[in-house]
Amino acid sequence: MDADSLELIKSPLGTSILAICYDSLFRCEENQVCTILKLGLRPRESIFWWRVYMDLIPMCGWLHRRGLCADVLCPMGCNQLEELNHVTTQCKKLDEVLRRLEAWGFPTPRFTSLDELKGALKGGLLTKASWPLLYCAAVHLCWGNRNAIRHGKNESTITMMAAKILGSTTHSFFSRNLEQRFTKWALSSGTACAS
Ligand SMILES: [Zn+2]
C-alpha cells in the first residue's frame with residue numbers, strides 16, 4: 001500500500017502552482033538560458049528565445065540535419081545556410097530592421113555569432129541595458145515574418161516591422177531608459193555635489 005504524502009495544492013503567497021513549478025525549473029543562476037528568461041521579454045518572445053538557447057527551433061538547417069528538409073538556405077535571399085547563428089545575428093532582414101530602428105534613434109549592437117550575442121545579453125542583463133529588448137523582439141519578429149512567407153502570406157515591410165517592435169517594447173524600453181538616465185543624472189549630481 002502506498003504511503004500518504006503531502007501535495008501542494010495552493011500557495012498563501014498568491015502564486016499559482018504552475019508559476020511555482022516554472023520558477024523551480026528555471027532557478028539556475030549558472031544556466032545560460034536564465035539570462036533570456038530574466039530580460040523582461042514578452043511571454044511569446046521568452047519562449048522563442050528559450051527554444052533558441054536550447055537549439056529547438058525547426059529552421060531549414062535544423063530540419064535538414066534530421067532529414068526533413070532539402071532546402072537549407074535562408075528564405076530571405078541571403079544565400080546562406082539558415083541556422084541559429086544566421087537567424088539571430090547575420091540575416092540581412094534582421095540587419096535592415098535594426099538599421100531602421102537605428103535611423104529612428106534606437107541603436108543596437110551587432111554580433112557575428114549567437115555565442116557572442118549570448119555573452120552580450122548576459123552583460124546587458126547585468127547593466128539593465130535597453131537594447132536587448134529591441135534586439136530580441138527584432139529577431140523574434142523576423143522569425144515570424146519568414147514563417148509567414150513560407151506559408152504563402154505577405155511579407156511585412158521593414159517599416160512595419162520596426163514600428164511593431166517599438167510598439168511592443170515601448171513600456172519596458174522607456175521605463176528602463178528613464179531609469180538609466182535618472183541613475184546617470186543622480187550619479188553626476190552626486191559627483192558635482194561632492195566636488
Ligand atoms: Zn537570411
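Reader: Which residues in α8 do Lys93, Leu94, Val97, Leu98 and Leu101 in α6 meet?

Author: Happy to start there! This is a predicted model, and in it the two helices share a contact with eight nonpolar, one polar and one charged residues. On the α6 side are Lys93, Leu94, Val97, Leu98 and Leu101. Their partners in α8 are Leu134, Ala138, Val139, Cys142 and Asn145.

Reader: Is α6 parallel, perpendicular or oblique to α8?

Author: Good one to work through. The axes of α6 and α8 are 10 Å apart, and the angle of packing is about 135°. An angle over 145 degrees would count as roughly antiparallel, and 65 to 115 as roughly perpendicular. The value for this pair falls in neither range, so α6 is oblique to α8.

Reader: In which hand does α6 pass α8 in their crossing?

Author: Take α6 as residues 92-103 and α8 as residues 131-150, and look at how one passes the other. The crossing is right-handed.

Reader: Does Pro107 count as buried, exposed or partly exposed?

Author: Let's find Pro107 first: it sits in the loop between α6 and α7. A buried residue needs 20 or more neighbours within 10 Å, and an exposed one has 12 or fewer. Pro107 has 13 C-beta neighbours inside 10 Å, so it counts as partly exposed.

Reader: Which element has the highest mean pLDDT, and which the lowest?

Author: The protein as a whole has a mean pLDDT of 80. Where pLDDT is low, the predicted coordinates should not be read in detail. Among the elements, the highest mean, 96, belongs to α6, and the lowest, 60, to helix α1.

Notes. Residues numbered from 1 in each chain as written. Predicted model: local features only at pLDDT ≥ 70, side-chain atom pairs only at ≥ 80, totals over all residues. pLDDT = per-residue confidence, 0-100. Helix = DSSP H or I, 4+ residues; strand = E, 2+ residues; numbered from the N terminus. Axes fitted to C-alpha atoms, helices over the stretch in contact; angles between N-to-C directions. Parallel < 35°, antiparallel > 145°, perpendicular 65-115°, else oblique. Left-handed = near helix turned anticlockwise from the far one by under 90°. Contact = placed C-beta atoms within 7 Å. Nonpolar A, V, L, I, M, F, W, Y, C, P; charged D, E, K, R; others polar.
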